[in-house]
Amino acid sequence: QVQLVESGGGSMQAGGSLRLSCEASGRTFSTYDMGWFRQAPGKEREFVAAIWSNGVTRDYANSGKGRCTISRDNVKNTVSLQMNSLKPEDTAVYYCAARRATTRDRGYEYWGQGTQVTVSS
């Protein structure tokens, strides 16, 4: 099992940048794919970005392509999300999630508590 704790949220102006971080517990971090999701008020949770356990394969939602970069550090057990050119529609609670690389079909099984990001125009 893995526990996830996000940090780095806050309030910022449109056009700015932010870097969210997620620290994972446990010794098997490198065996998990890691993802970022977000949920805006009144909307369903949506995928933002993912990085596979190999640290090479990355996937981004269309809303974040060109603006987001996901990275991981398997020594520090962290995954980060860099977002540039922020828009008010990026306002949401951002969640870090983990998925076992050996059972990807089960989806993301572990979730953090979330961190609020508010972007004002």
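Strand 7 and strand 8 pair in the antiparallel sense over six bridges; two strands count as paired if DSSP finds at least two bridges between them. Strands are DSSP runs of E with at least two residues, and helices are runs of H or I with at least four residues, both numbered from the N terminus. This is a predicted model, in which local features need pLDDT of at least 70 and side-chain atom pairs count only at pLDDT 80 or more, while totals for chains, interfaces and linings use all residues. Residues are numbered from 1 along each chain as its sequence is written, and side-chain values use heavy atoms, with hydrogens and water left out.

One of the residue pairs linking these two strands is R72 with its bridge partner V79 in strand 8. The side chains of strand 7 alternate: C68, I70 and R72 point to one face and are buried, whereas T69, S71 and D73 point to the other face and are not. Here, buried means under 20% relative accessible area, exposed means over 50%, and partly exposed lies in between, with a 1.4 Å probe and protein chains only. Strand 7 and strand 8 form a hairpin with four residues between them. N77, in this turn, has a phi near 60°, a positive value in a residue other than glycine. Most residues other than glycine have a negative phi. N77 is buried, with a relative accessible area of 13%.

The hairpin belongs to an open sheet of four strands in the order 1-3-8-7, with antiparallel pairing. Strand 1 (4-7) and strand 7 (68-73) stand at the edges with a single partner strand each, so one side of each is left without a neighbour in the sheet. Neighbouring strands of this sheet are turned by 15° against each other on average, direction ignored; the axes are lines fitted to C-alpha atoms, and angles run from 0 to 180 degrees between N-to-C directions. Strand 8 (residues 78-83) is also joined to strand 3 (residues 18-24) by six bridges, and these two run antiparallel. L20 has L81 as its bridge partner in strand 8.

The loop between strand 8 and strand 9 (92-100) contains D90. D90 counts as buried at 1% relative accessibility. Its side chain makes a polar contact with the side chain of R67 (2.8 Å); a polar contact is a pair of N or O atoms within 3.5 Å, where, within protein, one must be able to donate a hydrogen and the other to accept it, and residues adjacent in sequence count only if both atoms are side-chain atoms. Leaving aside residues up to four places away in sequence, D90 touches R38, R67, M83, S85, V117 and V119, a contact meaning heavy atoms within 4.5 Å. S85 lies in the loop between strand 8 and strand 9 and has a positive phi near 50°. At 42% relative accessibility, S85 counts as partly exposed.

V93 is found in strand 9. V93 and Q39 are 54 residues apart in sequence, yet 5.3 Å apart in space, C-alpha to C-alpha.

Finally, the chain as a whole has zero helices and eleven strands. Of its 121 residues, 45% count as buried. Residues 24 or more positions apart account for 57% of the contacts in the chain with a separation of 6 or more. The C-alpha atoms fill a box of roughly 40 × 25 × 25 Å, taken along the principal axes.
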